Amino acid sequence: MGCFSRLVGLRIMLLQRNVLKKSRLRRSSIGYLVLWSILFVLMAGYLPFDEPNLICLYKKITKADFTCPSYLTTSATYSDPNPLTRITVPEILEDEWFKKGYKPPQFEQEEDINLDDIDNAFNDSTENLVTERKVRPVSMNAFELISRSQSFSLDNLFEMTGSPLSILAECIPFCLLIRIGMAASCEARNQFASQCPPNEIISKIEEAAKPLGFNVDKRNYKMKLKGDKRGRKGQLSIATEVAPCLHVVEFRKTGGDTLEFHKFYKNFSSGLNDIIWKTDGIPEEKEKIRKRLPDFLQSVKLKYVKLGYGYSCNPVTVLIFALILPLFIIALVQFTGLKPDRVSQLWTNQALRLESIDAATRLSGLLILFFLFGLYYAKRSRPVYLLDFACYKPEDDRKMSVDSFLNMTEESGAFMEDTLQFQRRISTRSGLGDETYFPRGITSKPPNLCMEEARAEAEAVMFGSVDQLFSKTGVNPRDIGILIVNCSLFNPTPSLSAMIVNHYKLRTDINSYNLGGMGCSAGLISIDLAKHLLQSNPNTYALVVSTENITLNWYFGNERSMLLCNCIFRMGGVAVLLSNKPRDKACSKYQLVHVVRTHKGADDRHYNCVYQREDDKGKIGVSLARELMAVAGDALKTNITTLGPLVLPFTEQFMFFITLVRRKLLKAKVSPYIPDFKLAFEHFCIHAGGRAVLDELQKNLQLSDWHMEPSRMTLHRFGNTSSSSLWYELAYTEAKGRVSGGDRVWQIAFGSGFKCNSAVWRALRSTPVNESRGNPWKNEIDKISGQNISRLRMLTWPGSVGCLP
């Protein structure tokens, strides 16, 4: 029995991958079938259903077509495929065959609380004292052990949503599931289930097979795939069958090498992602999807450490110290005729200094110094100052609570009940509050999603934030020499940058750029672009506007991966004014220190992680893949490994470097040294992409609630405003009066592609609390008391207690 249980346990894992995870089964029904199938195999010695062809096997089961040994007498109702007429558990308990020798188990019952034994423990009475008694354990059979053991519970297998396989699955005994698992693991075959119509499945298979070099013949829901190239054991040929009533597809190798078949199927199935039914929450056997950020500080790639040091030791610096400086010393010695043994006398003997250097030598040395100074001045990196920024705060009539959002979603009539439940669950757990903002086109009844409303949203956000910025700084719009606008999903003609040029009548020679499709990290890309343009355009201003337009990108379909954007993205934007003028340093708030950009788009998994596409109904939306957390963690690991050498104190870098050498070169088994980034920055502005992302970043970077407060409060008050959310967080930090002169701020954002970008700023002065003009948190900070933050933390922050200053 023990060997058989272990064998069945292994096959249970296989059946999860093949059938059970794609079905909704009634627990009482399938639980009975599992026990019945095990009992049948134990008594008969073989599986009740066994067919080499998977489709025939399905048909056999739906008809309950099996042979029972002559020495067994079993009722037909025991294997009835119809769950409505199948024998029930109460009926089984009354069956004469079952009752023979059966002893009902004695389960523990709750007893009344009696304190007599406790009272007697404090006096000399022996009455009612608890004494040790040796009692023989109750005998239990294998089925009773299974029913009592939590580790053997099959509940998680059956908590799936409805599916076209649900009727079939309710009449599949356990032996079929074992049979499927054996076929998948031991033979050159593969199966998958789909929710798409059979004709669409066949069409998708044909589209995916032809680019791989396979000729396709199809007839009556059956297909033959034959490779053009000859492999190790001849041409690879594959037979495919689609069960039209069950939506199950089976692939079997009919010729060629088995290893080539598995390699083909791995590449082939990647082109069928749109039709393969993947259930959430249960990882595939071969590739487990990580829904948490990896502990990226535990593993470091040396090439990114080298890249970080490469940023700090650029070629110009190396050239100056390795070539120009030695040449300058040699030229100085040659022109002056100064010998090394007389160098020390130059500082003590005034006469020697004057007599040793004639007028020609002095002139030559002066010219060399001027030349070197001019070379340095021309090649130096001009500092970039941030004069100020202004975040857009919509009117109060644009506010909408979570309940109002859910009511609006339900009243639209565009969503099925299961997707409505999904949106309710996401909205209540997302960390968003009841005062986020929606554009007018979405809240209209019915929704008015048109180009006019999208332009109205863009104009309100951009002009509102730029007006505040010009009002705060007093800069004349005609003085702007560089304009950069980023908006990922709305790129009309004329462009958004042209809308700003027209509205403010900017000058004709302005350098104007419009960035699109770069996701939530586009704001820092715009900052980096402005930095490079300011290096080559002296004495000018750069205006950066970051926003996202959600009017024309609201999704009215029922695909869950696309509905996430509806639940977390909200209306917002920011305008930032940069300058390279030396005189602006005194009135600027920050100086840009570093920008580190990481782009992982060369990897297909990263590239497809955030993808705008059409669903099966033709509705356009942005799909967020299940691999998002793992992809973000990989990009972040690369980014902070590159950033570390630029910002970490020398002691942290030294400890990190020593540990890295011991692990990589000496192969020592030592724990990796995790640098403390809190020693490099005073303030953290982490993109408010969602509660789960913030939770994992806080854990991995070992940040306190105080560090995470700006990000969490921004997510709660304004939602995910895409690339502009970093600036709402910095505005919150200023409104709380936390920024002092010399403080360092780390802004970090993620975006489609997949990208992870960082910007490091140094505060040039303190920002007083009363300097709140144009700050979206004006009149908000007074409402956010320590008590309210503590209550909010308990609702939306993991494992936090106490109040924040």
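These legends accompany several close-up views of one structure, which is a predicted model.

**View 1. Strand 9 and the strands on either hand of the pairing list.** Strand 9 covers residues 480-486, and because 7 of its 7 residues are buried, this strand is largely enclosed by the rest of the structure. Strand 9 pairs with strand 11, which spans residues 541-547, in the parallel sense and over 6 bridges, and within this pairing I482 stands opposite A542 of strand 11. Strand 9 is also joined to strand 10, residues 511-515, by 5 bridges, and these two strands again run parallel; here L483 has S512 of strand 10 as its bridge partner. How is the unit made by strand 9, helix 20 and strand 10 described? Together with helix 20, which covers residues 496-504, the two strands make a β-α-β unit that is right-handed.

**View 2. Strand 6 and its antiparallel partners.** Strand 6, made of residues 385-391, is mostly covered, since 7 of its 7 residues are buried. Which strand is joined to strand 6 by 6 bridges? That partner is strand 12, residues 573-579, and the two strands run antiparallel, with A390 standing opposite A575 of strand 12. Strand 6 also pairs with strand 13, residues 590-599, in the antiparallel sense, over 2 bridges, and in that pairing Y385 stands opposite Q591 of strand 13.

**View 3. Helix 25 and a nonpolar surface patch.** The residues F650, F654, M655, F657 and I658 make a nonpolar patch of about 530 Å² on the surface. One of these residues, M655, lies in helix 25, which spans residues 650-664, and M655 is partly exposed, with a relative accessible area of 39%. Is F656, which also has its place in helix 25, buried or partly exposed? With a relative accessibility of 16%, F656 counts as buried, because buried means a relative accessible area under 20%. F656 and P675 are 19 residues apart in sequence, and their C-alpha atoms are 6.7 Å apart in space.

**View 4. An aromatic pair and its cluster.** A pair of aromatic rings is described by the distance of the centres and the angle of the planes. The structure holds 19 aromatic pairs, and one of them is formed by Y732 and W777, whose rings meet edge-to-face with 4.8 Å from centre to centre and 75 degrees between the planes. Y732 lies in helix 28 (residues 725-735), whereas W777 lies in the loop between strand 18 (755-763) and helix 29 (786-796), so the pair ties together parts that are 45 residues apart in sequence. Y732 counts as buried at 0% relative accessibility, and W777 is buried too, with a relative accessible area of 1%. Both residues belong to a cluster in which ring pairs link Y437, F718, Y728, Y732 and W777.

**View 5. A salt bridge between a loop and helix 24.** Side chains of opposite charge can pair when their charged atoms come close. The structure holds 22 salt bridges, and in this view K600 forms one with D634, the closest N and O atoms being 3.7 Å apart. K600 lies in the loop between strand 13 and helix 23 (604-607), while D634 lies in helix 24 (residues 628-647), so the pair ties together parts that are 34 residues apart in sequence. K600 counts as buried at 13% relative accessibility, and D634 is likewise buried, with a relative accessible area of 17%.

**View 6. Further salt bridges and a network.** The side chains of R424 and E417 meet in a salt bridge, with 3.7 Å from N to O. R424 is partly exposed, having a relative accessible area of 23%, and E417 counts as partly exposed at 47% relative accessibility. How far apart are the closest N and O atoms in the salt bridge of D676 with K678? These atoms are 3.2 Å apart, and the two residues are described by the same word, for D676 counts as partly exposed at 24% relative accessibility and K678 counts as partly exposed at 28%. Finally, a network of salt bridges links K393, D396, K399, E435, R717 and E780.

Methods
Residues numbered from 1 in each chain as written. Predicted model: local features only at pLDDT ≥ 70, side-chain atom pairs only at ≥ 80, totals over all residues. Heavy atoms only, no water. Buried < 20%, exposed > 50% of the residue type's maximum accessible area, 1.4 Å probe, protein only. Helix = DSSP H or I, 4+ residues; strand = E, 2+ residues; numbered from the N terminus. Pairing = 2+ DSSP bridges. Right-handed = clockwise from strand over helix to strand, strands pointing away. Patch = residues over 30% accessible without salt bridge, like charges linked within 9 Å, V, L, I, M, F, W, Y side chains within 5 Å. Areas by Shrake-Rupley, 256 points an atom, 1.4 Å probe, with all protein chains shown as cover. Salt bridge = Lys/Arg side-chain N within 4 Å of Asp/Glu carboxyl O. Phe/Tyr/Trp six-rings, centres within 6.5 Å; stacked < 30°, edge-to-face > 60°.
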